[in-house]
Amino acid sequence: MTLEVSNLVGGYSQVPVLKDVSFDVKDGELVGLIGLNGAGKSTTINHIIGLLTPFKGTIKINGTTLDQDVKQYKQQIAYIPEAPIVYKELTLKEHLEMTMLAYNLDHDQAWQRARKLLKLFRLDNKLDWFPDNFSKGMRQKVMIVCAFLTNAKLFIIDEPFLGLDPLAVNDLLNLISNRKKQGASILMSTHVLDTAQRYCDRFVLLHDGQVRTEGTIEQLRQLFPDAGDSLNDIYLTLAREGGQS
Amino acid sequence: MKQLFKRRLVNHLKEMMSYLRLVFNDYFVLALLFMIGGLGYYYSNALKQLHVGVWWAPLVSIGIHLVGLQLGRMATLVQDPDYVFLLPKEFEMIDYLKRGFNYSLILAWFIQILIWFVMLPFIQITTRIDSLEMVMLLLILLGLKATWLNAEFARKYRLRPNWRLGYQRLIWRFIIPLLALTIAAYFSYVAALLLVAAAVVASWVGRRSWSNRSVDWQTMINDENSRMHTVYQFFNLFTDVPAISGSVKRRRYLDTLLGRIKLIPDNTYLYLYAHGIARDNEMSGLYVRLMVIGTLLLVFIKGEALPIVLCLLFVYLIGFQMIPFYFHFDDNAFVHIYPVTHQFQLKNFQRVLLWLLSIVAIIFGIAVIAVNANNLMTILGVIIGEAVEIWAFIYLYVPRRIARGQRSRD
C-alpha cells in the first residue's frame with residue numbers, strides 16, 4: 001500500500017497552513033512525520049484521512065484519490081488521532097464491536113485478535129467499562145486496540161506516545177513492526193525523536209508548512225554532516241536554522 | 001448502518017422524552033394553556049378587524065411562511081468520534097444519512113402543517129381562497145421544506161467549489177421559497193405549485209451528483225453539535241442540562257454591586273450565589289434572555305388580562321430556572337469544609353432570588369405601565385400579582401422544591 005502526497009496546499013480556512021508538501025510512504029514502510037508544534041503535522045494527517053479538502057495538489061492511496069473512489073480510498077485506512085476520542089455512551093466492548101462493524105470484520109477472528117490486544121494493553125477486565133471515564137493513556141490504548149483490530153493496509157498514527165506508559169509504548173512499537181512485516185504502510189507523527197530514530201525507516205521533516213528535508217537517518221547525516229549523529233541533534237539544528245531564516 | 005441510525009434515534013428520542021417530561025411539568029402546562037388560550041383569543045379578536053383586500057396581509061403571510069420554512073434542521077445524530085470510527089464506512093453513510101433526512105422531514109412537515117393551520121383563518125379572511133387552494137398552499141409548503149432540507153443534506157457532502165455550495169443553499173432555502181410564496185399570494189396557486197414540483201424534482205435529481213462524493217465530516221459534526229446545542233439550550237430554559245457546560249465571564253461592571261455584600265460568615269452563600277449567577281454565562285444568559293423576551297412581548301401585546309398572565313408566567317419561568325443553582329456549589333469541597341452552618345444557605349439563596357425577581361418585576365411593571373398607561377386595572381393587577389407571586393414563589397415554593405431536590409440527591 002503506497003501513500004503519495006504531491007504538491008499539497010491546504011489548511012483549515014482560506015489561509016493555507018501547508019505550502020506545497022510532497023512525500024510518499026511505500027509498501028511495508030514506517031515513515032516518521034517530524035515537526036514542531038504548528039509545523040503542520042496534524043493538518044497533513046487531516047488531509048490524508050479526508051477531513052480537510054486540499055486547495056491544490058493530490059493525495060493518492062494506491063493510485064486512487066478520494067474524489068475518484070471514496071470506498072477504495074477510505075477502506076484501506078486505520079487512524080489513531082492525537083487526542084483519543086471515544087463515544088460517551090458506549091462501553092469498551094461496544095467500541096470494539098463498532099470497529100468490527102465499520103471495517104466489516106469477521107466476528108470470531110476479530111474477537112480472537114481483540115482478546116490478545118486487550119490482554120497486551122491490560123484492558124481485558126474492563127470490557128464493560130466506559131472509556132469516556134478512562135485516563136488519557138487508557139483511552140489512547142482503546143484507540144490503538146481499535147485501530148490494530150482492523151486489517152487496514154495504511155495506518156495513520158498521530159503522536160501516539162503521549163500519556164502511554166513505557167510498557168505500552170514498547171508494545172505499540174512491536175505491533176507496528178509486525179504490521180510492517182505483513183506489508184502495511186505506516187505514517188506516524190511524533191515528537192519523541194529517539195524512539196522515532198530507532199524505529200522509523202524514513203523521516204519527513206516538516207517546518208512551517210513545508211517539507212524541509214526527507215530521507216533515512218543515513219541520508220540526513222550526510223546532508224547535515226555538522227549537525228551531529230542523532231535525529232534529535234539534526235532536528236534541533238534544522239529547527240533553529242528555520243527559526244532564524 | 002441503518003441499524004446504527006435506528007439505535008441512535010431510539011436513544012435520542014428517549015433523551016428528548018425525558019427532557020420533555022421535565023419541561024411539561026404540571027405548572028408549566030397550566031401556564032401554557034392560559035397562554036395559548038390568551039393568544040388564541042387575541043388572534044380571533046384581531047381577525048375580526050380584518051377584511052378582504054388589506055394590502056399588507058399577503059406580505060405578512062409570505063413573511064411568516066418564509067420564516068417558518070427555516071424551522072426544523074436536518075438531524076444526523078452523528079457524534080464526534082464518528083470521523084474516526086466510521087471512516088471506512090464512509091461510502092455507506094448515505095444510507096445512514098437518508099434515514100436522518102426522512103426523520104427530519106417528518107418533524108419539519110409537522111411544523112409546516114402547524115403553521116399552515118394557524119395561518120389558515122388569517123389567509124381566509126384577507127384573501128379569496130377556496131378550499132382547493134388551501135390544500136395547494138399546504139403542498140407548496142411541504143414541497144419547499146423538502147427542498148430546503150435537501151440543500152441541508154447536500155451540505156454534508158464535499159462539493160467544490162465551496163462558494164457555489166453556499167450560493168446554492170441560498171437559492172434552495174430562501175430564493176425559491178420567496179418566489180413560490182409570492183407567486184402563490186399574488187398570482188396563482190397552481191403556478192406556484194408547479195414551480196415547487198419542478199424544484200422538488202430538480203433537487204432529487206441533483207442528489208445523484210453529490211451522494212457518491214466524500215463526506216464532509218467536520219461540517220456534518222459541527223452542524224449536528226450546533227443543532228443539539230440549540231435543543232439543549234431550549235431545555236435549559238426549564239431544567240438543568242448537563243450537556244451545556246457553563247462558561248464563565250468576568251463582568252467587571254458588576255463588581256461594585258457584588259462588592260456591597262458584607263463579608264461576614266452569615267453571607268458566605270450569598271457571596272457565592274451572587275458571584276456565581278452574575279458570572280456563569282448559562283445562568284445570567286438565561287436570566288437576561290427571558291427578561292428581554294418577556295419585556296418585548298409586554299411592549300407589543302395590549303389587553304386587559306393578557307399582560308398580567310404574561311408577567312406572572314415569565315416571573316415564574318425565570319425563578320424556576322434559578323432553582324437548580326442552589327445545588328451549584330455542592331460538588332465543591334470547600335463549602336463542606338467551611339466552618340459555616342447550612343441554615344443560612346437557603347436564606348442567602350432566597351435573598352439572591354428576591355433581588356433577581358424584583359428587578360424583573362420592576363422592568364415588567366415599567367413596560368406594562370408604558371404601554372397600558374390608561375388601564376388602571378391591568379397596572380394594579382400586574383403589581384399586586386407580581387408581588388404575591390414572588391412572595392409565594394420564594395418563601396413557599398422554593399423551600400419545598402429544594403427539600404425535594406435534596407432528598408433525591410441524598
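## A tour of chains A and B

Begin by selecting A:R202, a residue that is buried because its relative accessible area is 10%, under the 20% limit used for that class. The coordinates on your screen are those of a predicted model, so every value in this tour is computed from that prediction.

**From A:R202 to its partners**

With A:R202 still selected, add A:E214 and display both side chains, which form a salt bridge whose closest N and O atoms are 3.1 Å apart. A:E214 belongs to strand β9 of chain A and A:R202 to strand β8 of chain A, so this pair ties together parts that lie 12 residues apart in sequence. Which exposure class does A:E214 fall into? With 30% relative accessibility, A:E214 counts as partly exposed, whereas A:R202 is buried.

Now extend the selection to A:D24, A:K26 and A:E29, for these residues join A:R202 and A:E214 in a network of salt bridges. Over all chains, the structure holds 20 salt bridges, and the next stop shows another of them.

**The loop between β8 and β9**

Move to A:D208, which you will find in the loop between β8 and β9 of chain A. Its backbone deserves a look, since A:D208 has a positive phi of about 55° although it is not a glycine. Which side chain does A:D208 meet in a salt bridge? The partner is A:K19, with an N to O distance of 3.9 Å. This pair links distant parts of the chain, 189 residues apart, because A:D208 sits in the loop between β8 (202–207) and β9 (210–215) of chain A while A:K19 sits in strand β2 of chain A. Both ends are partly exposed, A:D208 at 48% relative accessibility and A:K19 with a relative accessible area of 34%.

**The sheet that holds β2**

A:K19 has brought you to strand β2 of chain A, and the sheet around that strand is the next thing to select. Colour β2, β1 and β4 of chain A, and you will see three strands that form an open sheet in the order β2-β1-β4, with antiparallel pairing. Why is one side of β2 and of β4 left without a neighbour in the sheet? Both β2 (18–25) and β4 (56–61) of chain A stand at the edges, where each has a single partner strand, so one side of each remains without a neighbour. Neighbouring strands in this sheet are turned by 10° against each other on average, if direction is ignored.

To follow the pairing more closely, select β1 (residues 3–10) of chain A together with β2(A): the two run antiparallel, and five bridges join them. A:G10 is a convenient place to inspect, as its bridge partner in β2(A) is A:L18. Then add helix α1 (residues 41–48) of chain A, which packs on the sheet and touches β1, β2 and β4 of chain A; the direction of this helix makes about 65° with that of β2(A).

**One more salt bridge in chain A**

Before leaving chain A, select A:D229 and A:R221, whose side chains meet in a salt bridge at 3.9 Å, N to O. A:D229 counts as exposed at 55% relative accessibility, while A:R221 counts as partly exposed at 24%.

**Chain B**

Hide chain A and display chain B as a cartoon, where the secondary structure comes to 16 helices and zero strands. The C-alpha atoms of chain B fill a box of roughly 70 × 60 × 35 Å along the principal axes, and buried residues make up 47% of its 410 residues. Among contacts in chain B with a separation of 6 or more, 84% are between residues 24 or more positions apart. If you switch on the surface, the accessible area comes to about 21,800 Å², of which 68% belongs to carbon and sulfur atoms.

An unreviewed UniProt entry carries the annotation "transmembrane region" for several stretches of chain B, including residues 20–43 and 174–205. Select residues 20–43 of chain B, a span that is 92% helix and 0% strand, and whose end C-alpha atoms lie 27 Å apart. Then select residues 174–205 of chain B, which are 94% helix and 0% strand, with end C-alpha atoms 20 Å apart.

Finish at B:L77, placed in the loop between α3 (57–69) and α4 (82–85) of chain B. B:L77 has a positive phi of about 55° although it is not a glycine, and this residue is buried, with a relative accessible area of 6%.

How values were computed:
Residues are numbered from 1 along each chain as its sequence is written. Chains are lettered from A and ligands numbered from 1 in the order in which they are written. This is a predicted model: local features need pLDDT of at least 70, side-chain atom pairs count only at pLDDT 80 or more; totals for chains, interfaces and linings use all residues. Side-chain values use heavy atoms; hydrogens and water are left out. Two strands pair if DSSP finds at least two bridges between them. Helices (H or I, at least four residues) and strands (E, at least two) are DSSP runs, numbered from the N terminus. Axes are lines fitted to C-alpha atoms, for helices over the stretch in contact, and angles run from 0 to 180 degrees between N-to-C directions. Contact means heavy atoms within 4.5 Å. A salt bridge is a side-chain nitrogen of Lys or Arg within 4 Å of a carboxyl oxygen of Asp or Glu. Buried means under 20% relative accessible area, exposed over 50%, partly exposed in between (1.4 Å probe, protein chains only). Accessible areas come from the Shrake-Rupley method with a 1.4 Å probe; for residues, only the protein chains shown count as cover. UniProt positions are given in the numbering used here, feature names are shortened, and annotations may be inferred rather than shown by experiment.
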